[in-house]
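Dear colleague,

Please find below the structure I promised to hand over, together with its sequence. My findings follow directly after it.

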Amino acid sequence: GARTGDLLQISGKRATGAKALPLFVPDRGQGIIQLDGVTRDNARAILGERVTLRPVAGGVAKRLVLQPIG
């Protein structure tokens with residue numbers, strides 16, 4: 001039931017957020033989602049594993065802090 005642009009919480013072994021984007025036409029309606037490697041790693045999910053999705057409300061960030069890794 002998500003629409004393009006909706007914010008979703010994806011929960012595997014851990015929860016993470018993602019923006020809903022459309023699947024390629026042949027893949028639609030099959031009850032599957034596609035995740036990039038970074039999102040899949042953040043959710044601690046593996047290929048073929050079931051995850052749960054739920055829509056979440058988004059807001060405008062008032063502050064953003066960038067910090068180097070390491």
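The side chains of arginine 44 and aspartate 41 form a salt bridge, with an N to O distance of 3.7 Å. Please note that the model is a predicted one. Both partners fall into the partly exposed class: arginine 44 has a relative accessibility of 39%, and aspartate 41 has one of 47%. Arginine 44 belongs to the loop between α1 and β3. Its backbone also deserves a remark, since the phi of arginine 44 is near 55°, a positive value in a residue other than glycine. In general, most residues other than glycine have a negative phi.

A search of the whole structure gives two salt bridges. Besides the pair just described, lysine 13 bridges to glutamate 49, and the closest N and O atoms are 3.1 Å apart. Lysine 13 sits in the loop between β1 (7-11) and β2 (15-19), while glutamate 49 sits in the loop between α1 (37-42) and β3 (52-55), so this contact ties together parts that are 36 residues apart in sequence. The accessibility of the two residues is as follows: lysine 13 is exposed, because its relative accessible area of 62% is over the 50% limit. Glutamate 49, at 29% relative accessibility, is partly exposed. As a general point, side chains of opposite charge can pair when their charged atoms come close.

With regard to the strands, β1 and β2 pair in the antiparallel sense, over five bridges. The two strands make a hairpin, with three residues between β1 and β2. Within this arrangement, isoleucine 10 stands opposite threonine 16 in β2.

I turn next to the pockets. The largest pocket has a volume of about 650 Å³. It is lined by 22 residues, and those closest to its centre are Leu8, Ala20, Leu21, Ile33 and Gln34. Which elements give two or more residues to the lining of the largest pocket? They are β1, β2 and β3. The largest share, three residues, comes from β3. By class, the lining of the largest pocket comprises 14 nonpolar, four polar and four charged residues.

The second largest pocket holds about 350 Å³ of space. Its lining consists of 14 residues, with Ile32, Ile33, Gly48, Glu49 and Val51 nearest the centre. Eight of the lining residues of the second largest pocket are nonpolar, three are polar and three are charged. Two of the residues named above recur here. Ile33 is among the residues closest to the centre of the largest pocket and is also among those nearest the centre of the second largest. Glu49, one of the residues nearest the centre of the second largest pocket, is the salt-bridge partner of lysine 13.

Finally, a word on confidence. The protein chain has an average pLDDT of 93, and 100% of the residues score at least 70. Among the elements of the chain, β1 has the highest mean pLDDT, at 96, and β3 the lowest, at 94. β3 is thus mentioned twice in this message, as it also gives the largest share of the lining of the largest pocket.

With kind regards

Key
Residues numbered from 1 in each chain as written. Predicted model: local features only at pLDDT ≥ 70, side-chain atom pairs only at ≥ 80, totals over all residues. Heavy atoms only, no water. Salt bridge = Lys/Arg side-chain N within 4 Å of Asp/Glu carboxyl O. Helix = DSSP H or I, 4+ residues; strand = E, 2+ residues; numbered from the N terminus. Buried < 20%, exposed > 50% of the residue type's maximum accessible area, 1.4 Å probe, protein only. 1 Å grid on protein atoms, 1.4 Å probe; cavity = no way out; pocket = protein on both sides within 12 Å on 5 of 7 lines; lining within 4 Å. Points joined across faces, edges and corners; volume = space filled by probe spheres on them. Nonpolar A, V, L, I, M, F, W, Y, C, P; charged D, E, K, R; others polar. Pairing = 2+ DSSP bridges. pLDDT = per-residue confidence, 0-100.
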